Amino acid sequence: MDFSIERRRLVEKLVMEGVIRSEKVKKAMLSVPREEFVPKEYKRWAYFDEPLPIGFGQTISAPHMVALMTEALDPKPGDKTLEIGTGSGYQAAILAEIVAKNSLNKEGHVYTIERIPELAEFARRNLERTSYIRYVTVIVGDGSLGYSKEASYDGIIVTAAAPDIPKPLIEQLVVGGRLVIPVGDSGLQRLYIVTKKDNNTIDVKEDIYCLFVPLIGKYGWK
Ligand code: SAM
């Protein structure tokens, strides 16, 4: 199976549908091999635009959702970025392509947090095999608390659904920084694009409806 042909076909479809809007997201989606981030038995479906199981009741998100969330975050070369919900490591690799790998002299980095240790290990192996690990730090923990050790972040992306916007995530954003997060219960969620205007003000734009696994933690679901 020639995955590079399949990858190009999928990216062209996402461009035609208007999901991929920028050159940087297009380039990242063309560069990261999704087949290296799914379990072996699902490789042949790597370029179906669908979420796929990665074990422990979790999924790697559908490519259109990864593209859409990355466009919404609008990461820049050199950005310090936090992802909550590492899963397979695929979204982290897409972010790493933009903020770190192609950032010339700027030192961007991706921090990503996963609550299930076995999945964090799965992601670490995938990121090592694809050489993205030098740009990505995988942490095991409750990402609803953010990761204060490396704060502040230019951008934060949450790939699990929260009941509300977790306060620590706003605190850990730089002024002008952006948080992309699905908010809602297991039946219906909405993607929120949150911009930190100043230390006391946020702007919340409610985007598309979506369906994610729950964010479980102190500022998530119990
Ligand atoms: N971004 C992932 C990828 O590229 O494969 C897909 C993420 S999957 C839809 C959501 C992930 O969030 C799951 O792996 C789940 O275990 C994780 N998760 C849920 N609550 C969490 C929390 N409080 N902190 C960190 N990870 C969490």
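The following exercises, with worked solutions, concern the ligand site and the pockets of a predicted model.

**Exercise 1.** Determine which residues surround the ligand and how they divide by class.

*Solution.* Begin with the count: the ligand is surrounded by 26 residues. The closest of these are Glu83, Ser88, Glu114, Gly143 and Ile216. Next, sort the shell by class, which gives ten nonpolar, twelve polar and four charged residues. Finally, turn to the secondary structure: E2 supplies the largest share of the shell, three residues.

**Exercise 2.** Identify the N or O atoms of the protein that lie within 3.5 Å of a nitrogen atom of the ligand in Gly85, Gly141 and Asp142, and state how much of the ligand is buried.

*Solution.* Consider the backbone first. An N or O atom of the Gly85 backbone lies 2.9 Å from a ligand nitrogen atom, and one of the Gly141 backbone lies 3.5 Å from a ligand nitrogen atom. Then consider the side chain of Asp142, where an N or O atom is 3.0 Å from a nitrogen atom of the ligand. As for burial, the ligand taken alone exposes 610 Å², of which the protein buries 99%.

**Exercise 3.** Locate the ligand among the pockets, and describe the largest and second largest pockets.

*Solution.* The ligand sits in the largest pocket, whose volume is about 540 Å³. Its lining comprises 34 residues, with Thr59, Thr159, Ala160, Phe212 and Val213 nearest the centre. By class, this lining holds 16 nonpolar, 14 polar and four charged residues. The second largest pocket contains about 160 Å³ of space. Its lining residues include Glu36, Lys40, Phe122 and Arg129, and the lining divides into three nonpolar, one polar and five charged residues.

Notes: Residues are numbered from 1 along each chain as its sequence is written. This is a predicted model: local features need pLDDT of at least 70, side-chain atom pairs count only at pLDDT 80 or more; totals for chains, interfaces and linings use all residues. Side-chain values use heavy atoms; hydrogens and water are left out. A residue is near a molecule or strand if one of its heavy atoms lies within 4 Å of it. A polar contact is a pair of N or O atoms within 3.5 Å; within protein, one must be able to donate a hydrogen and the other to accept it, and residues adjacent in sequence count only if both atoms are side-chain atoms. Accessible areas come from the Shrake-Rupley method with a 1.4 Å probe; for residues, only the protein chains shown count as cover. On a 1 Å grid over the protein atoms alone, a cavity is a set of points where a 1.4 Å probe fits but cannot get out, and a pocket is an open set with protein on both sides within 12 Å along at least five of seven lines; lining residues have an atom within 4 Å of a point. A molecule sits in a cavity or pocket if more than half of its atoms lie within 2 Å of its grid points. Helices (H or I, at least four residues) and strands (E, at least two) are DSSP runs, numbered from the N terminus. Ala, Val, Leu, Ile, Met, Phe, Trp, Tyr, Cys and Pro count as nonpolar, Asp, Glu, Lys and Arg as charged, and the others, Gly among them, as polar. Grid points are joined across faces, edges and corners, and a volume is the space filled by probe spheres set on the points.
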